[in-house]
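Colleague: I would like to learn how to read a fold from its coordinates, going step by step from the overall description down to single side chains. Could you take me through one example?

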Amino acid sequence: MNEQIRAREVRLVGPEGEQVGIVPLERALQLAADVDLDLVEVAPMARPPVCKLMDFGKFKYESALKAREARRNQQQTVIKEMKLRPKIDPHDYETKKGHVVRFLKAGDKVKVTIMFRGREQSRPELGYRLLRRLESEITELGYVEAAPKQDGRNMIMVLAPHRAVKASAVAATASRVGPRDRAADESAPGADETVAVGETATAGDTGTVADTNGE
């Protein structure tokens, strides 16, 4: 920038993006001084390097604002987990479906796991039928992002909220965040997080809790 530029001549771009042409470095510096702007090298690898007349302080400030806004709008992907048994009690099913509904309304994805034990493993259709029932009952809030799949003793399906539901949840969260909380969010990068509800996590499972009530 300015006197730090070492090229003998530069391809100069005006403050409004107009092409001035190739000029000696001294001439470019003089033009910058005449209009009280900085001479900033924007394409140092070009031959000759491309320089632009700009207010560098204002440019850095606006760039920081854009970066902060991008971090603020960055959406975190949160995956909740709900575990069920293939022969779950009707009351327990309704309770856990309520959790799934709440998660989707909050804009979170939900990993639904059917756990098979003993002879239940020979009846995978029971788990498949239960997952399809759940899918049909939450269709207004979400959709199946990952179809039911057998994984050892478990059958797993992933639900995701509809775009409108997630947008509504994000807007509601933003309206509740205070200035200090928002500043903290801006300084933290987005990250995937896996969370579930229910019993206390065992050692080594920090951050993930499984819901096995009524199973």
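Modeller: We will go from the totals to one sheet, then to the helix that packs on it, and finally to the salt bridges. Please keep in mind throughout that this is a predicted model.

Colleague: Let us begin with the totals, then: how many helices and strands are there in the protein, and what share of the residues counts as buried?

Modeller: The protein has six helices and nine strands, and 31% of its 215 residues count as buried. Its accessible surface is about 13700 Å², with 50% of that area belonging to carbon and sulfur atoms. If one takes the contacts with a separation of 6 or more, 57% of them are between residues 24 or more positions apart.

Colleague: How should I read a sheet, and what is the order of the strands in the open sheet of four?

Modeller: The general idea is that strands of a sheet pair through backbone hydrogen bonds, either parallel or antiparallel. Here the four strands of the open sheet follow the order E2-E1-E4-E3, and the pairing is mixed. E2 and E3 are the edge strands, each of them pairing on one side only, and from one strand to the next the twist averages 35°.

Colleague: Which sense, parallel or antiparallel, does the pairing of E1 with E2 have, and which sense does that of E1 with E4 have?

Modeller: E1 and E2 run antiparallel and are joined by five bridges; one residue pair to look up is Val-10, whose bridge partner in E2 is Val-23. The hairpin that E1 and E2 make has five residues between the strands, and in this hairpin Gly-17 adopts a positive phi near 90°. E1 and E4, by contrast, pair in the parallel sense, over three bridges. Within E4, Val-50 is the bridge partner of Arg-11, while Cys-51 is the bridge partner of Leu-12.

Colleague: What joins E3 to E4, and why can E4 be described as largely enclosed?

Modeller: E3 and E4 run antiparallel with five bridges between them, and they form a hairpin in which six residues lie between the strands. Ala-43 is the residue that stands opposite Val-50 in E4. As for the enclosure, four of the five residues of E4 are buried, so the strand is largely enclosed by the rest of the structure.

Colleague: Turning to the helix, which residues of H1 are buried, and which strands do they pack against?

Modeller: Helix H1 spans residues 25–34, and its buried residues are Leu-25, Ala-28 and Ala-32. These residues lie on the same side of H1, because the arc they cover around the axis is only 60°. The other side of the helix carries Glu-26, Ala-33 and Asp-34, which are exposed. The buried residues of H1 pack against strands E1 (9–13), E2 (19–24), E3 (38–43) and E4 (50–54). The helix lies across these four strands, E1, E2, E3 and E4, and runs at about 125° to E2. Just after H1, Asp-36 has a positive phi of about 55°.

Colleague: How many salt bridges does a search of the whole structure find, and which residues are linked in a network?

Modeller: The search of the whole structure gives eight salt bridges, and a network of them links Glu-94, Lys-97, Arg-133 and Glu-137. Lys-97 meets Glu-94 at 3.3 Å, N to O, and both residues lie in helix H3 (residues 90–105), three residues apart, which is about one turn of the helix. Lys-97 also forms a salt bridge with Glu-137, where the closest N and O atoms are 3.3 Å apart. Since Lys-97 lies in H3 and Glu-137 in helix H4 (residues 124–137), this pair ties together parts that are 40 residues apart in sequence.

Colleague: Are the members of these pairs buried or partly exposed?

Modeller: Lys-97 is buried, with a relative accessible area of 18%, which falls under the 20% cut-off. Glu-94 counts as partly exposed at 38% relative accessibility, and Glu-137 is partly exposed as well, with 35%. For a further case within H4, consider the salt bridge between Glu-135 and Arg-132, at 2.4 Å, N to O. These two residues are three apart in helix H4, or about one helical turn, and they count as partly exposed, Glu-135 at 26% relative accessibility and Arg-132 at 30%.

Terms used
Residues numbered from 1 in each chain as written. Predicted model: local features only at pLDDT ≥ 70, side-chain atom pairs only at ≥ 80, totals over all residues. Heavy atoms only, no water. Buried < 20%, exposed > 50% of the residue type's maximum accessible area, 1.4 Å probe, protein only. Arc of directions from axis to C-beta. Contact = heavy atoms within 4.5 Å. Pairing = 2+ DSSP bridges. Axes fitted to C-alpha atoms, helices over the stretch in contact; angles between N-to-C directions. Areas by Shrake-Rupley, 256 points an atom, 1.4 Å probe, with all protein chains shown as cover. Salt bridge = Lys/Arg side-chain N within 4 Å of Asp/Glu carboxyl O.
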